[in-house]
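Here is a friendly briefing to read alongside the model. Have the viewer open, and follow the topics one at a time.

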Amino acid sequence: MHLSRAACTFVLTTSTALFTDAFLSPTHVTVPARLSATIQREAAAPSAEISTPSTFHDVQKLTFRELQRHCKSAGLEAVGSTAVLRGRLLGHYGLLRENNFEAQPDAGQSPKEIEELCATEGITFCDESDPLFDFKAILSDVLAKSSMGHWKTATRKLKQLDKRHSSPESPVPREAYLAVLEACAANRLNGARASEPARKILEDMSERGYEIPVELANSCVTNSLGDGPGGTHDECGGIDAALAMMAAVESSPGGEVALSDATYGKVVTTLAKDGAVEEAISVLRKMVVDKTFTPPLSVFADVAKAAAKSSEKQNAEDVLQVLTYVKAAGYELDNIAAVEAGRDILASGVIAAEKMDNLALGLRLLTAAAKAEGCAPDSGDALVATSSSAAQRACTLIHKRAIGKACEDNNWKLAVKLLELMSKRGLMPATSVWRNVLQTCCKNEKSKKATAILLDWVSLANEGKAEKPPVSVFNTVVNTCEVCGEEELTVKVLDVMKKTLDTEGNMVTFNIALKRLAKTGNVAGCEGILIGMLNEGLEPNVVSYTTTIGACAKEGMKNPSMASLWLQRMRTRGVQPNYHTYNTALAACLDGKLESTFVASKIASEMLEDAEKEIACGIRGSTNFKSTLPDAYTKVLARQLMKQLRENWRSGEIDMALAKTTTRVPLLKLVDFDKTVIAAKELVCEVDDEKTEDEIKENEEQDLEFTLLKGLHKDDRRTALV
């Protein structure tokens with residue numbers, strides 16, 4: 001029987017296609033290891049949008065982790081070998097190759113004619129050869145090539161044996177797989193070039209239920225990993241190959257306990273270095289929770305550092321998860337700072353705590369580091385804080401924010417403690433941090449502690465480790481020492497200021513000195529200070545003159561004529577008195593003398609004149625600094641002066657009728673000033689409220705001065721309150 005040339009060609013073509021398709025398996029297509037940045041980000045972010053594969057080859061190109069992500073995205077099980085995962089995707093998307101080949105008859109032959117041409121009636125076939133000859137021959141070649149270390153040839157022969165000559169009755173024996181696998185695993189997977197053949201062999205052995213030797217399994221997984229992009233070595237192997245091998249080994253008989261903690265640890269470290277933090281944590285969790293391994297601290301440190309590098313808050317929370325696994329593995333946070341890897345873990349935790357603004361956690365981790373033994377001569381917390389620039393920055397910010405919070409809560413003890421810890425941990429406080437702590441101590445009248453902190457600041461400034469404290473800081477501490485009656489500390493701080501800043505101070509400093517003299521009633525000394533201010537080029541302000549007048553109001557040393565004189569002098573210098581100044585001058589007249597009452601009446605007239613002018617035209621600036629309108633204390637003083645005048649006429653020093661019509665009139669107007677204000681409300685001038693930058697700064701400085709000096713003569717019942 002003879003076939004036509006066309007028919008034979010058709011039968012041969014169709015048979016070849018069917019043969020090829022029957023033995024064609026989804027082989028692994030290696031993606032170049034130097035992945036683009038986009039693919040690397042996709043590998044590190046499972047939540048990224050995944051495109052649906054449209055062809056058979058699209059699925060073939062997917063790596064192991066990409067196959068897992070596509071299966072998860074499609075709602076399929078993401079567990080199994082590379083071939084299993086590909087098969088699921090191909091079946092899900094209807095891309096199986098067996099549906100793509102349909103025999104097409106030759107256009108020149110009808111089906112009936114072809115059937116007649118291919119009929120085998122009258123033909124007898126007889127095969128007397130050994131049916132397993134080819135199988136045995138190729139198997140022998142596989143073993144021979146493997147023994148010689150020809151892993152490429154052995155791999156091709158093994159594939160030929162498996163696809164063309166094996167059957168359920170005569171499968172490829174385990175020894176053949178092991179022989180080729182050992183050849184591939186030699187020389188560290190032949191420089192990782194044999195990673196893909198080794199992966200395929202491990203998957204085939206797992207699928208056929210063959211047990212995989214423990215040593216060989218661990219060797220293949222670890223040697224497939226390198227230091228290149230994606231965990232590759234010279235663009236061979238990589239993380240995907242290692243993960244696929246792990247999945248194959250774990251699904252093989254006895255594979256649940258085949259892989260060692262060192263193998264898992266290397267995979268975790270490689271994932272972390274590649275930026276796949278979430279996957280690294282997943283494998284780390286399997287190690288600690290499922291396998292009950294105790295990984296070395298270096299493994300935890302690699303994952304924690306990778307998570308801490310990211311700016312995303314989610315990765316900061318991943319660091320806390322790593323800390324949880326550290327404790328679950330049996331480590332104590334109070335002891336791990338004794339080794340470098342432990343310090344790296346704690347430093348990553350501090351960085352994450354700063355990103356999450358979890359101040360308590362950051363400080364707790366540093367405290368745990370401080371408890372570690374074996375860090376001498378340094379302390380564990382200092383080593384953690386200075387382990388990297390990122391850790392140092394995070395520690396500094398955490399302490400700064402914690403100190404700010406303590407100052408807001410007026411907790412000076414906590415603020416001082418945190419400041420001391422900053423120095424101990426090698427952190428440099430900013431000027432604002434020093435200032436906040438000092439102001440909090442001064443606010444609570446802790447003069448000794450404030451002085452000690454200021455001296456420490458100056459000491460660091462002299463060493464070039466901090467900026468010099470400004471004059472305003474010295475003024476604040478000096479005033480606190482004055483309030484607390486610490487004369488020696490006051491002198492010491494002033495001496496340090498002169499030595500550090502090479503200056504006698506500024507306006508506030510001179511006003512504080514005036515306050516010291518005014519408390520003793522030393523009018524001449526105050527006058528000398530004012531002259532010294534003029535010599536230094538500083539024009540005394542309203543606080544300076546008010547303080548000097550306060551020296552004239554010292555109980556037992558009252559000097560009303562000098563108080564009135566200083567009112568005139570300050571006007572000649574262009575400085576207008578305010579209601580604090582007038583009240584101080586009126587208080588200086590309460591000595592029981594008729595002459596003093598006359599002076600008080602004159603001062604009251606001047607105050608009324610200024611007050612009426614202010615009502616008519618308004619003022620520019622802060623009311624507390626510029627206003628001359630009488631307050632409640634003014635009226636108290638006016639009543640006391642009228643009582644003093646009444647005692648004067650009762651003693652016969654002045655005629656009562658004359659006193660009532662002259663001296664008492666201005667004092668009485670001060671008492672009844674509310675009526676005057678109500679009557680004159682319509683005369684208030686429109687004043688531009690816009691302030692220049694210089695005026696704002698001046699008001700801030702005067703506000704500080706009035707705050708510092710408000711306690712002057714407080715023992716004299718608010719005499720000269722400034």
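Trp434 and Trp457 are both buried, and they are a good place to begin in this predicted model. Their ring centres lie 5.5 Å apart with the planes at 10 degrees, so this pair counts as stacked. The two residues are 23 positions apart and link distant parts of the chain, with Trp434 in helix 22 (residues 431-443) and Trp457 in helix 23 (residues 447-462).

**Aromatic rings**

- A pair of aromatic rings is described by the distance of the centres and the angle of the planes.
- Searching the whole structure turns up five aromatic pairs, and the stacked Trp434 and Trp457 are one of them.
- Tyr545 and Trp566 form a tilted pair, because their planes meet at 50 degrees, with 6.2 Å between the ring centres.
- This pair also links distant parts of the chain: Tyr545 belongs to helix 28 (residues 542-551) and Trp566 to helix 29 (residues 560-572), 21 residues apart.
- Tyr545 is buried at 3% relative accessibility, and Trp566 is buried at 5%.
- Trp566 has a further partner in Arg569, which lies over the face of the ring at 4.5 Å from its centre.

**The whole protein**

- How many helices and strands does the protein have? There are 37 helices and zero strands.
- The protein has 722 residues, and 46% of them count as buried.
- Among contacts with a separation of 6 or more, 67% are between residues 24 or more positions apart.
- The accessible surface is about 36,000 Å², and carbon and sulfur atoms hold 51% of it.

**Cysteines**

- How many disulfides does the structure hold? The number is zero.
- Why is Cys441 not bonded to Cys442? Cys442 has the cysteine sulfur closest to that of Cys441, but the distance of 6.8 Å is too far for a bond, given that a disulfide needs the sulfur atoms within 2.5 Å.
- Cys484 is likewise in no disulfide, and the nearest cysteine sulfur, in Cys481, is 7.0 Å away.
- Is each of these residues buried or exposed? Cys441 is buried, with a relative accessible area of 0%, whereas Cys484 is partly exposed at 28%.

**Helix 35 and Lys635**

- An α-helix has 3.6 residues a turn, so residues three or four places apart point the same way.
- In helix 35 (residues 664-671), the buried residues include Pro666, Leu667, Leu670 and Val671.
- These four residues lie on the same side of helix 35, because they cover an arc of only 145 degrees around the axis.
- Lys635 sits in helix 33 (residues 632-650) and touches Leu670, Val671 and Asp674, leaving aside residues up to four places away in sequence.
- Lys635 is itself buried, with a relative accessible area of 13%.

**Backbone angles**

- Most residues other than glycine have a negative phi.
- Leu189 is not a glycine, yet has a positive phi of about 55 degrees.
- Leu189 is placed in helix 9 (residues 174-191) and is buried, with a relative accessible area of 0%.
- Glu235, also not a glycine, has a positive phi of about 65 degrees.
- Where does Glu235 lie? Glu235 is in the loop between helix 11 (214-223) and helix 12 (239-250), and at 43% relative accessible area is partly exposed.

Technical notes: Residues numbered from 1 in each chain as written. Predicted model: local features only at pLDDT ≥ 70, side-chain atom pairs only at ≥ 80, totals over all residues. Heavy atoms only, no water. Buried < 20%, exposed > 50% of the residue type's maximum accessible area, 1.4 Å probe, protein only. Contact = heavy atoms within 4.5 Å. Areas by Shrake-Rupley, 256 points an atom, 1.4 Å probe, with all protein chains shown as cover. Phe/Tyr/Trp six-rings, centres within 6.5 Å; stacked < 30°, edge-to-face > 60°. Lys NZ or Arg CZ within 6 Å of the ring centre and 35° of its normal. Arc of directions from axis to C-beta.
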